[in-house]
Structure formats: C-alpha cells, structure tokens
Amino acid sequence: MNDLLQDFLTETHESLDVVDVELVRFEKEPNNEKILGNIFRLVHTIKGTCGFLGLPRLEALTHAAETVMGKFRDGMPVTSVAVTLILETIDRVKEILAELERSENEPEGTDDDLIKRLEKTSMRDAKPAVAAPPMPEVQGITTGTLVEQTLERPLRPGEVSLDDLERAFRETKTEAPARVSAPPHAANTLVSQTLERPLQPGEVSLDELERAFPETPASEKKSAPAQVRRSGGDRREDERREEERRESEQTSVKNQTLRVQVDTLERLMTMVSELVLTRNQLLEVTRNSENSDLKGPFQRLSNITGELQDGVMKTRMQPIGNAWAKLPRVVRDLSSELGKKINLVMSGEETELDRQLLELIKDPLTHMVRNSADHGIEEAVDRHKAGKPEVGTIRLAAYHEGGHIIVEISDDGRGLDSSRIRAKAIRQGLISETDKLSESQLQKFIFAPGFSTAAKVTSVSGRGVGMDVVKTNIDQIGGTIDLKSVAGKGTTFKIKIPLTLAIVNALIVESDSERFAIPQIAVVELVHIDMDSEHKIERLKDSAVLRLRDKLLPLVDLRSLLELRPLETEAAELFVVVMQVGSRIFGVVVDQVFHTEEIVVKPMSHMLRGIEQFSGKTILGDGSVIIILDPNGIASSIGSMAENAATLDHKIDAHEGEGSLRKISLLVFRAGTDEIKAVPLSLITRLEEIDASKIEFSNGKHMVQYRGGLMPLLPVREGFTVRKEGSQPLLVFIEKERSMGIMVDEIVDIVEDRLEIEIAGKVPGVLGSAIIAGRATEILDVGHYLPLAFEDWLHRADASTSAGTRRILFVDDSVFFRNMLTPVLNSAGYEVKAASGGAEAISILERDADFDFVVSDIEMPGMTGFELADKLRANPRTSHLFLIALSSLNSPARVERGKQAGFNHFIAKFDRGGLISLLKQTETRFAEAA
Amino acid sequence: MSVTENQIEYVTATVGGQLFGLPISRVLDVFAVERMTRVPLAPPEIAGVLNLRGRVITAIDMRKRLSVTGGKPAGKTMAIGIEHRSEHYGLIVDAIGEVLKLPAAGREANPMNLDPCWAAIAEGIQKLEDRLLVILNVDRILDLQHKTLAA
C-alpha cells in the first residue's frame, strides 16, 4: 500500500475515535466551544487530506458533516438528532475506510442519503447562521452586484451552489476592509488581496478564492467552507486566534512523538528479554568467579540492562482508557436505542497495560458494557418503581492489585435472575432438578457456551454468543473473570489480568527436587524451621498450622498442593514462605529456599493454562526452565479447602447464636498494680521482650530503638516503675509507620472468653472491667495511649478532617468495640460517628446521610446487620453508601448472605489492619471516581 | 512447496515401534532433549517444559499421547519441534526417521477398526513397501481436551 495512504488511514482512524468521544461529550455540553473546535478541526483535516488523495466519496461526506458542525459553531442549536446524524456519518466514513484499507479503493456506492440529510440539517438553520451578526458596514462596502449565475450541471453531493458561494464570499468582505490593503472592488474583478496572517492548513487564500469564482466549479468545494467559516466577522476573530495558538501548540507536541511500527517494538522487547536472561547467566558466572575485574563492568552492564528493560516496557504500555475510548459512544447509542437513561462512570483510565493485552480485552469489555446496558439496567419506569434513581449507572474501574490489573464493570441494574439461570441450566442438561447449587455457583453458568437468559433477543445482545466468548478471550490472556450479582441491586464483573510480559522479582524455592518461582510481591517473610528453632509446625487433624507471633498461620505444603511426592521421613529442616494475598495470609511449606532473581514471565502455553496454581514460566540464569507459582491461585486453592470446612462453621454459628456475645481472644497481663488487665489480642501487633538496659529516657519519654527507628514506650499508668535491668515485656502497637510500646510487668495468659464490660471509665486508660476467666479484669483502652505516644496523632486526624475527610458511621451494640475502634479509625484519619444499633444508625442517617462508609456489626439485638443493610440499600438516600460488615464468624455462607443484603465487603471483626486497608483502598477508588 | 503438487514430504518418527509421519511444512526442527522441567498438575501427556535456544517449549510425550505402553528406549531423547497458535511445542518420540516424499494419492483413510485414540489424531495411512505410515494431524495432537472426550 502506498505510504501516503497508509499514514492517512492510521491518522484518520485515530482522529475518528477522538471525534466519537468528543461528540458525545459535546452533546452534553453544547456550549463548550473548545470541544466543538476540536471536532471541527479533526473533521476538517480529514476532509482536506481526502481531497488531496483524491477520495471523492469521503470528501463529500466529511464536507457535509463539517458544514453541519460549522453551523453549530455559528450558533445553531445542538440537537441529539443532529449529533446522531453526524455519528452515523462517521460510521459510514469508517466503513469506507475499512474498504479502503482492504482494496486501496473507495467502495462503490453513494452517500447521497446521508448527505441529503446533513444538508437538510444545515439548511434548516442556514439563514440565521450565515447572516449571523449583520455588520452595519455590509451594505456600504459591497459594491459588486450579484449576478444570477448558473452552473451547467446539477450539483454534486457536498457541493455548494454558486449562489451560496457568492453570498458567502460577499459577506466575507465584511471583515476584509480592516485587513485588506487594496480597496474592495466589485466581486467580478480580480485583485490581489492579502491576508494579514499566515494561512491555516486547509484554508484557501483570498486570491485563490477570488480566482476560483470564474473558474471551474471543481475547486469550489474547497473554498466554500473555508470562507463560510469566516463569515462570522470580528466576533470570531479572538476565537480564531485562540485556535491558531492551540494548533501551534499541537504541532509542537506532535513533533515530540514518533510513530513506530508495533513490530519494531515487539522485536525490541524480545531482544531485551533475551538480554535480561543473558545477564542472569553472566550473573551466575560472576558469582562463581574470583576475577574481581569482572565485577565492576558487570555491575554496570546489569544496571543498564535494567534501565533498558524498564524503558522498553514503557514503550509498550498504554493507558487502559484507550480501550475504553469507544464506550461513551456505545453507551450513548444504546441508551437512545433502548430508551433507557444510562450514565457511564469511568475511573482509573490511566492504569497502564501492555498494549497487546489492551487489544485483547477491548472487545470483551465492550461486550460486557453492552450487556450491562441492555440486560442490567432497567427501563426508567421499572427503576422508578424499585426506588432507584431513573438514570442507571454503569461503572468501569481499573486498578492494580497484587501484581494484577483489575478491571471492574458494575451496574446498578436488576442483577442476575438465579431462578431463570437455574431453569435454563436444567433445560440444557447442565444440572439436574435436584442439584443444590449456591447462588454464586448458579451465576457462573452465564459463562457456559450458548447460555443466554435474555427473555427477548434484542439487536444489542441476547444472541447466545456472549459471556462464554468473553470468558474464552480473557482465559486466553491468562486472566480470570468473576462476578457478583444481587437481585435488584446490580451486577459486578471483576476481570483480573496478569502482567504477562512483566519482568518480576521472584523467590526461587525447591520442593521435591523441583524449583519454583514465587513472585516477591506476595512474599511477606520467610520462616526457617529446624529441630532447635522456636517455630514448630503443629497439626489440627490434617491441617498444618504454625504459631507465628502468637497467631496461627495456616500452612499448605507445596508438595501436597502440587501433588508431588510426599516426604518419606520427617524433614530435619523446612522453610515456610509466608504469603499475603488481599487480606489473606498463609504459609507455603517448601524444602529449600534459594536466592531471589529477576525473571521474565513467559505465559503458560495454551495447554497448561488451566492450572490455577501457576501463572507462567521462566528461564533461569542457569538455563533451566522453571514454573512460576500464582499467589492468587494458591490462595484460592487453599480457600477451596476452607469451603469444605464451611459446614462445620455453620454448627458453631448456630451454637454461638444462643448467647448474644461472642468469644474473643484476650491477652491477660499484669502492670503496675496487682489487678489483672486485658486487651483484645487482635489490637496488638506484636508482643516483645526487650533488654531493659536498652531503654532510653529523653525529653520526658521512654524510648527504645526498634526496627531501625525510635519507638516511644509508655507506662500503663503514672507511677509505673520502669525496669532498669533484666527484660521488659512490651505490647507493641503499630499503626502505619508508627509504633508504640506499652510497658507491662508480666504477660499472664491468652484466654478466650466472652467480653461483657461494665463501664467504670473514670481511670484514664481503662475502658472498664469485665469478668474474664472468672476473675475481674480491667480492660485497657488503647485509644487513650495513642495520643500520649505521639502528640500529633490526633492533630493529624484533625488536620485531615478539614480537607474532605471520609466519614464513617460505625454500628456496634458493644460499648467496648465502639470505644475501641473509634479512636483507631480516628487515628487513621477518619471522622467516626458511632451508633449502638441498627435503629440508631438509621435515625442518624435520616438526619445526615453525608457518610462515606457504614461499618456495621452483624449480630446485634433488635436489628441485625443484615437487616440494616437491607434497609439502607432500599432507601435511595442511603443506597450509595459503602457497607462493610464486621463479623467474627465469616463462613462463606454468611459472607454470601451479607452480600445479598448489600454489604460491599466482609471483614473479620478483629482484623483492624484489614479494615483500614480496605477503607483506604475504597477511598482511593472514590477519589478516582470523583 | 517446491515439489510437484501431488507429492507431500513427511518427517517420520517411531513411537512404540510404529512409524508416524508429520507434514514437513509443520515441522520447525528436530532436536535432542537435554534437560526438562516437570510440570506438576499437568495432564499426563505433558512431559514437561524445556529451554531450546532461549525459547520455552512445552514437550508432549507421544507415547502417552498415543497410549503406547512399553519402556522408553535407551539413548538420547529426541523431539520434533512444531508451532501451534504461535506457541512452540516439542513432540517426544522414540526415534526420528528419514524424510519421505510420498504421493498424496497413496494415502488411505483411517481403517474403521483403528484404535479410537489414534483415529482421533490420524489423518490417514500411507502404505510403504514394508510397513505402514500413520499420518498425524499436528493440531489434533495438541487438542488434549478432545482426547479426554474420545477416551
């Protein structure tokens, strides 16, 4: 294909995509001249190039569209009909371009239909537009007489009649006197005219125009629109200058970018990957080599390779927004086609993704958004009946999470109809009448081939090809797709895309003589276990656990996870790789841990892609191929073990239900007085014993060097004697980067008991007392100590209050938890209002619904958390709130129930860190959405 | 193909004593397998993954794929390199044979009583003077799902 045409096609495709988006924006803000100017310029450029390349069909079409837009510029009201017409025109242009790309020729056919309609649209308003601001001088200056002129053939589509041109020409003169040096003459005489600014691309000089008049009609097409544009007179002058400035800015931006063939980038990437591998091999050599001359240059080579790799990776990254660019248009067209009101909210457009992946997810995303608009969002009438806002919302969000990119598509529509899915699954023989399936299992059937439950087949979707194709596409790039749907509330799809081509740091481990790579991003720490170590693997029936800092860490042996040969004898030495995925922490037992290495992730071949425990493979420095473990996959395969235990959970649940109070773990200690004190174990980050001689006293405070920083130490109360020698037990609290130690005399025990506090509340630092393990015990108020350790602890919270602090409504029947969690959330920078139960929460929200989060307990007397969530979701005033459930019993069944009630998230009651990180995460998403 | 139209070239190999042929147009190379990494949890037909000149190749154990029993022959492990959906695979065979140029007309359809596992991946039988050559379809060899259904 000739280069010129190739460039034209590439450029035009890009411009048209922009026009699509801009037009939809323009329809919403018809007074935004900037947008219009933008569109106008793009279309104008396309038209100009078409003329140059000799593409009459395209030229005529774009010309007609440009004329209509020119009318918009001149003040013609922007109607949805007109915008639709232009969009249609752009679609036609795209069709022609597609053919052009294939055959290098414009396809046969005519666009008279569209052009006629466009002309009609522009004519409708022609008079006021062209004559727009009638300048007083007009009459006086125009000295020429208008002669009836005839053209000896009918006008071609897109052409302007001579009359129109004449009129346009004559009116142009209204601005001419100010600039034109020669005195204006009659239009029929040719004079040399000058314009006091350089011509803009696509514009025609006055001379040319003048000459064009008596000449052939062929050149008129070009001159006319350029002139009509100027007909506005001086009022347009400023705007035009503005446009010129913008254009010159654009040119300078253009000069800083360069078009590069994708193939070139691909080859570059492959070569860099090879370079990284070679570097790794060299690393292996230098490691074993005594030659120190090698080390220096190698270090440099290594650094440069790293930078080169980063650089090349960047060239491949594109914001995901590029894949979304078409969606506003799609949603706009659908809403008018389906007669629904739909608002598309996008966030995280700037999240970058490898361009190859971007291409592959484009179609699935479009399909899913169409689905949401068609099946998800109800008609306005139905929405009204359901107490929802008439305008439905489709949200599209992208963000990074644990080495993956997550794309979420959610709607606030009717949700999936499980009974219909069930019926269809039975009809298709996928399940039998008697099969008992959970809601989420049923919902997954929409990914089955040929499974569409749409009651009516619309032109938009419901054709039986759908989610299965989406799933296949996403599978192909090694991604996963998950959905959550609540009837009447909406559906959320979560697509997880791996960074397949990324180069990551990985920990190399071994099990059963096979080496594996674990992405470093998921590794929290390593624990070494041998005969003498303090850590021991203990067993609860078949499940292995490890006591790690007084918490039980669930363990899974890589050998059993991957069905390798089990160990024949008890190993003398083992390693536990502690991994974190989301808020889940678990340990993976391996035989041996080697070094960490930078690896080039190569996707699993097609045949092996179904194995969820693996995310890819790589070549190590020594040339061997090893498998990369997928932390998410491992977490979920451990999760499925937990699911089996769910039934057991249920029984406990029922049992626990008898008493309204739940058992919690408490740390019992002595400090200062003889009375026993306790604090919920979950609030403490760590228990430490430090050498008392290391305690420093400065500025009226006790301090100790701890983990590379100074940690303030606080006595439990005034008069507590700080030890001078021996060891000093500490309760360590860590909030973000800050840590604080509370000095105690002796740690007595960890007990599990129900906590029923009677508030005494007079002694600072004491919440009240409770009977624990049969003894009266003081309960420590952690919130009291935080500001003591850091004077700015509260200031910080105050300072951020002014700048749009997020507000939390915290609902819990227990005074203890209200008092305990409130300061913790405060110190994390939230404004917290506490309510003692569902009823109080609702009445608070009735007065003031301006909260961002509702964090609620589940088991409460009167109204349970589930009931509260139902009520909040049903009320349009509160339905937008982000609901987080706190529960000490998180069996999958309960989580499911919570989700149905409308909770966005479930957090274990004592998982303070989890709660705060969830709040922060959500907050970020709020901010992005805003 | 530069050959006359009705001649097809095949790379041949033996697996469990039987001669098989693959169209040469689908064969990238033939190589000796030196070091291979096992893939846990993978289907039994997957012998492992290996590094061939910087490329990761998934190796298919053709004995398992063809349900051939009996011990592996001693000596070097040989593999035929092929490409499928722009991924590289190696078919591990007992021994590599010569390249044969055979008339397309000499190919017969699979006999009715052919082992269903073979029938699923064979495209026909070529009659050589002293023995039979089973022509394999590369794409179907790699379609393990299909195998599970057929089995």
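**Exercise 1. Work out how many residues each chain brings to the contact of chain A and chain B, and describe the chain B side.**

Step 1. Count residues in contact, taking two residues as touching if their C-beta atoms, placed from the backbone, lie within 7 Å. Chain B brings 18 residues and chain A brings 20 residues.

Step 2. Look for the elements behind the chain B side; helices (H or I, at least four residues) and strands (E, at least two) are DSSP runs, numbered from the N terminus. At least two residues each come from strand 4 (46–52) and strand 5 (55–61) of chain B. Strand 4 of chain B gives the most, with 4 residues.

Step 3. Sort by class: Ala, Val, Leu, Ile, Met, Phe, Trp, Tyr, Cys and Pro are nonpolar, Asp, Glu, Lys and Arg are charged, and the others, Gly among them, are polar. The side of chain B that touches chain A then has 10 nonpolar, 4 polar and 4 charged residues.

A word on the ground rules: this is a predicted model, in which local features need pLDDT of at least 70 and side-chain atom pairs count only at pLDDT 80 or more, while totals for chains, interfaces and linings use all residues. Residues are numbered from 1 along each chain as its sequence is written, and chains are lettered from A and ligands numbered from 1 in the order in which they are written.

**Exercise 2. Find which residues of helix 30 of chain A are buried, and what covers them.**

Step 1. Call a residue buried if 20 or more other C-beta atoms, placed from the backbone, lie within 10 Å of its own. In helix 30 (residues 892–901) of chain A, this picks out A:Gly898, A:Lys899 and A:Ala901.

Step 2. Look down the helix axis and take the arc of the directions from the axis to the C-beta atoms. The buried residues of helix 30 of chain A fall within an arc of 160 degrees, so they line one face of the helix.

Step 3. Find the cover: it includes strand 6 (480–486), helix 29 (865–874), strand 34 (882–887) and strand 35 (905–908) of chain A.

Step 4. Move past the helix end: A:Gly902 follows, with a positive phi near 110 degrees.

**Exercise 3. Name the partners of A:Ile779 in strand 30 of chain A.**

Step 1. Accept a strand pair if DSSP finds at least two bridges. Strand 20 (residues 676–680) and strand 30 (residues 775–780) of chain A run parallel, joined by 3 bridges. Strand 29 (residues 766–772) of chain A pairs with strand 30 in the antiparallel sense over 6 bridges.

Step 2. Read off the partners: A:Ala678 is bridged to A:Ile779, and A:Gly768 stands opposite A:Ile779.

How values were computed: Buried ≥ 20, exposed ≤ 12 C-beta atoms within 10 Å, placed from the backbone.
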